[in-house]
Every structure is written in C-alpha cells, then in structure tokens.
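Please look over the sequence and the model below before reading on. The paragraphs after it are meant to be read with the structure in view.

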Amino acid sequence: MDKKLAVGNWKMNLLREEARELSGAIVNLLGEDYEDCQVVLVPPYTALDVVGSCISGSNIELGAQNVFGRTMGAFTGEVSAPMLVDAGCRWVIVGHSERRHILGETDEQIREKVSLSVSCGLKTILCVGETEAQREEAVSRSEDALARKSLLFSPIRTQIESALGPLDEKQVSDIVIAYEPVWAIGTGKNATSLEIEEIHQYITELLAEMFPGSGNNVRILYGGSVKTGNIEKIMSVEEVDGVLVGGASLSVDSFFRIIKSVGG
Ligand code: PGA
C-alpha cells in the first residue's frame, strides 16, 4: 500500500497571493523533504501555477478540483485532463458532492471524467458518500440489519460501480476513493469511528470484488469536517488511509497539524 494521504481541497477560496502565502507556509513548516505521508494541495484553477511554483522541489504534489470528460474541443469554460497535466497537476478530484449536488453532475459524467483522467496519468480521487436522507432511511430500518446495510451501502455501490466500471486492474491503481458523507461536509457534523469503519470496510470489499488483483491496494480517505480536534480519532480507524480536508486546509496551523497526524 502507498503512503497515507493528506489532501487539502481549497474549493473556491483564495486569491493567487493568498494561495502563494499558504502553500509557501506549508512547505516551510513541513520542510522540502517531508515524506511521512503524501501531501496534496488542491487550489482553484487560477492558483495552480503559483502553488505549483511554491511546492516545486518539495514532496508536496498539486491537484485540481475538477476536470471535464473530453480531451479537447468546443466546450467553453471547461478544462481537460491533458491541460491539468500540462499545468503541473499529478492529481484530480472527481465527483465531489458539491459538484454532484450543487452543480448537478451525474454518475455518467463522473465516469467519463474518471476514465479520461486515469488515461492521462492523473491520480484520481473519486468522492462518494450518502446524503443525510439516505442515511436516515437506512437508520430507520435498524431492527432489520440486512435492510439497513443494503440501504446504507446502495448509494456508495452505485457511485463506485458506475465510475470505476470501465477501468481495468492496472488503471485502478491510480484511483483513490474519498468517502465523504454529504451530511458531514462543511457542517461540523462528524461520522463516528464506527460509521467510518463500516463504510470503509464495505468499500474495501466492493473494490476487492470488482478488481480481485489490485482492488486491495486502493487507498480510501475520509472527508467531511475533518479538524485538528477529530483527526486523531479518524486516523485511528484502521481502514482510513488518509483524509480529504476542506475548511481546515485553509489555515496553515490546522492543516499542518492534520498532516502531522496523518503522517503518524
Ligand atoms: P470540509 O470539506 O472539510 O470543509 O467539510 C471536505 C470536502 O468537501 O472535501
């Protein structure tokens, strides 16, 4: 298994100068040789170049928050996987819940994005997770363990099967899954260790079933209101291979402490 991962998703925040300051401060604090875990910074498109310059020479890698599902052409406003590679990205996030739920991205679009990203050599973080209503419906069937599990796992199974279905065993080695319960993103609500463990175990089993040769090597991150106050607990769940951090990655102090906890 590869190193654990600490991914900072800055979302639609930070102007270029602010992005330069934050990434520079992270490099300074960590040191260029830091390698206890893999750190990935994911700024908005407009700051990819300044962040790329700040982290060059360090072990920190650059990622993008989104990508379009075609390689080139008349798609005004979109950015393709080869363009991301050209801009210095090694990573891309696909299927984030904000894109699924606010921007209406479909499983089909996500499948195209994943396939093209992987074929361009980008390490691809596929986000999956259930909504609050889906979890509540599952919980309401607590007296019937099978029904509860099947309701709870079903959205995650659909998202993963749809996005990774076209990939082969070799391509899946460039995939990382981020389990982000939609109700925990940016809300301050946390999944409990048991809830995280249950879903991560399920995803592990599903990947092993879909890709018997390499599914076991796919890293599975947790995301959703990860903070300095809960990172130790989250990382103590054995199945957690790292974290995808939104709000807390915008402060050098908190992201540095999170990285250190992930590095162990
Ligand atoms: P959050 O965001 O840490 O602010 O909840 C996580 C994410 O959306 O990836």
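What follows goes from the overall fold to the nonpolar cores, and then to the ligand and some loop residues.

The model shown here is predicted, and its fold can be introduced through the sheet. Strands of a sheet pair through backbone hydrogen bonds, in either a parallel or an antiparallel manner. Here eight strands close into a barrel, following the order 1-2-3-4-5-6-7-8, and their pairing is parallel. From one strand to the next, the twist averages 25°. Helix 10, which spans residues 252–263, packs on this sheet, where it touches strand 1 (5–9), strand 2 (38–42) and strand 8, and the direction of helix 10 makes about 160° with that of strand 1. One pairing can be followed in detail: strand 7 (residues 219–223) and strand 8 (residues 242–245) run parallel and are joined by two bridges, and Gly-223 stands opposite Leu-244 of strand 8.

The nonpolar interior comes next. In soluble globular proteins, nonpolar side chains tend to be buried together. The largest nonpolar core of this model has 70 residues, and the members that touch the most others are Val-114, Leu-164, Ile-177 and Ile-203. Apart from this core lies another, of twelve residues, including Trp-91, Ile-93, Ile-125 and Leu-221. Which residues are in contact with Ile-177, leaving aside its neighbours within four places in sequence? They are Leu-126, Val-128, Ile-160, Leu-164, Ile-203, Leu-207, Val-218, Arg-219, Ile-220 and Leu-221. Among these contacts of Ile-177 are thus Leu-164 and Ile-203, which also appear with Ile-177 in the list of members touching the most others.

The ligand can be described through the residues around it. It is surrounded by 14 residues, of which Lys-11, His-96, Glu-180, Gly-186 and Ser-225 are the closest. An N or O atom in the side chain of His-96 is 2.6 Å from an oxygen atom of the ligand. Polar backbone atoms also take part in such pairs: one belonging to Ser-225 is 2.7 Å from a ligand oxygen atom, and one belonging to Gly-246 is 2.9 Å from a ligand oxygen atom.

Lys-11 links this site to the loop between strand 1 and helix 1 (16–30), in which Lys-11 lies. Is Lys-11 buried or exposed? Because its relative accessibility is 19%, and the buried class covers values under 20%, Lys-11 counts as buried. Beyond its neighbours within four places in sequence, Lys-11 is in contact with Val-42, Pro-44, Gln-65, His-96, Glu-98, Ile-185 and Gly-246. Phi of Lys-11 is near 50°, a positive value in a residue other than glycine. Leu-14 is found in the loop between strand 1 and helix 1, and its phi, near 80°, is likewise positive in a residue other than glycine. Leu-14 counts as partly exposed because its relative accessibility is 22%.

A last loop residue is Thr-46, between strand 2 and helix 2 (48–55). With a relative accessibility of 56%, Thr-46 counts as exposed. The C-alpha atoms of Thr-46 and Gly-247 are separated by 19 Å, and the two residues are 201 residues apart along the chain.

Note on methods
Residues numbered from 1 in each chain as written. Heavy atoms only, no water. Pairing = 2+ DSSP bridges. Helix = DSSP H or I, 4+ residues; strand = E, 2+ residues; numbered from the N terminus. Axes fitted to C-alpha atoms, helices over the stretch in contact; angles between N-to-C directions. Contact = heavy atoms within 4.5 Å. Buried < 20%, exposed > 50% of the residue type's maximum accessible area, 1.4 Å probe, protein only. Core = buried A, V, L, I, M, F, W, Y, C linked by side-chain atoms within 4.5 Å. Near = heavy atom within 4 Å. Polar contact = N/O pair within 3.5 Å; in protein donor to acceptor, adjacent residues only side chain to side chain.
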